[in-house]
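Hi there,

Here is the structure I promised to pass on. My notes on it follow below.

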Amino acid sequence: MQMIFGLMRIVKGDTSVNNTGRFRRSIVWRVAESLFATVPYVVLFAALNAMFGGYFNMALLIKLMLILVASLLLQLVCSVASNVDGFIGGTGMMCDLRLQIAGHLRRLPLGFYARRQTGELTAVMTENLLHIEEAFTHLAGELCGRLAIAGLTGDCCSL
């Protein structure tokens, strides 16, 4: 996580402000999606509590079903919004980072290129940044969402 926030500080400029905002917004959407994903467990607890309490009826069943459907729809909306913001923001940030690295490589003396193999530079510009891009677009949001659920579960268990 420290690497991700470190890269967000590296990528600066007018074009990356929108990308960084999109990336942060995707994390918020992913946390919201994770919260909505826990609703079925709460509904299950309520249904079992009503069954064993003796007050389970058709009206309660319909209410619980509507809560599940609403939760599923909200989870779907959050997932789509998170994916769109995460992919566009993360890819845009990596594009800015690639441009910064290319600008740095242009300023290097020609002797640098004579001592290095071209495969090293190609690996840095493509493969290494591709792994970072995948972490930005896929892993970061999921990690934050799962950590939020773990924290919420820990808080609920300590009550």
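The largest share of the lining of the largest pocket, five residues, comes from α6. Before the rest, some background: this is a predicted model, where local features need pLDDT of at least 70 and side-chain atom pairs count only at pLDDT 80 or more, while totals for chains, interfaces and linings use all residues. Residues are numbered from 1 along each chain as its sequence is written, and side-chain values use heavy atoms, with hydrogens and water left out.

Back to that pocket (on a 1 Å grid over the protein atoms alone, an open set of points where a 1.4 Å probe fits, with protein on both sides within 12 Å along at least five of seven lines; lining residues have an atom within 4 Å of a point). Its lining consists of T38, Y41, V42, I149, L152, T153, C156 and C157. Both α3 (39–53) and α6 give two or more residues to this lining; helices here are DSSP runs of H or I, at least four residues, numbered from the N terminus.

Then there is the largest nonpolar core (buried nonpolar residues of the types Ala, Val, Leu, Ile, Met, Phe, Trp, Tyr and Cys, joined through side-chain atoms within 4.5 Å). Its 10 residues are F23, I27, M93, M94, L97, L129, I132, F136, A140 and C144. Two or more residues each come from α2 (14–37), α4 (58–107) and α6 (118–157), and α6 gives the most, with five.

C144 counts as buried (under 20% relative accessible area, 1.4 Å probe, protein chains only) because its relative accessibility is 13%.

Enjoy exploring!

Terms used
Buried means under 20% relative accessible area, exposed over 50%, partly exposed in between (1.4 Å probe, protein chains only).
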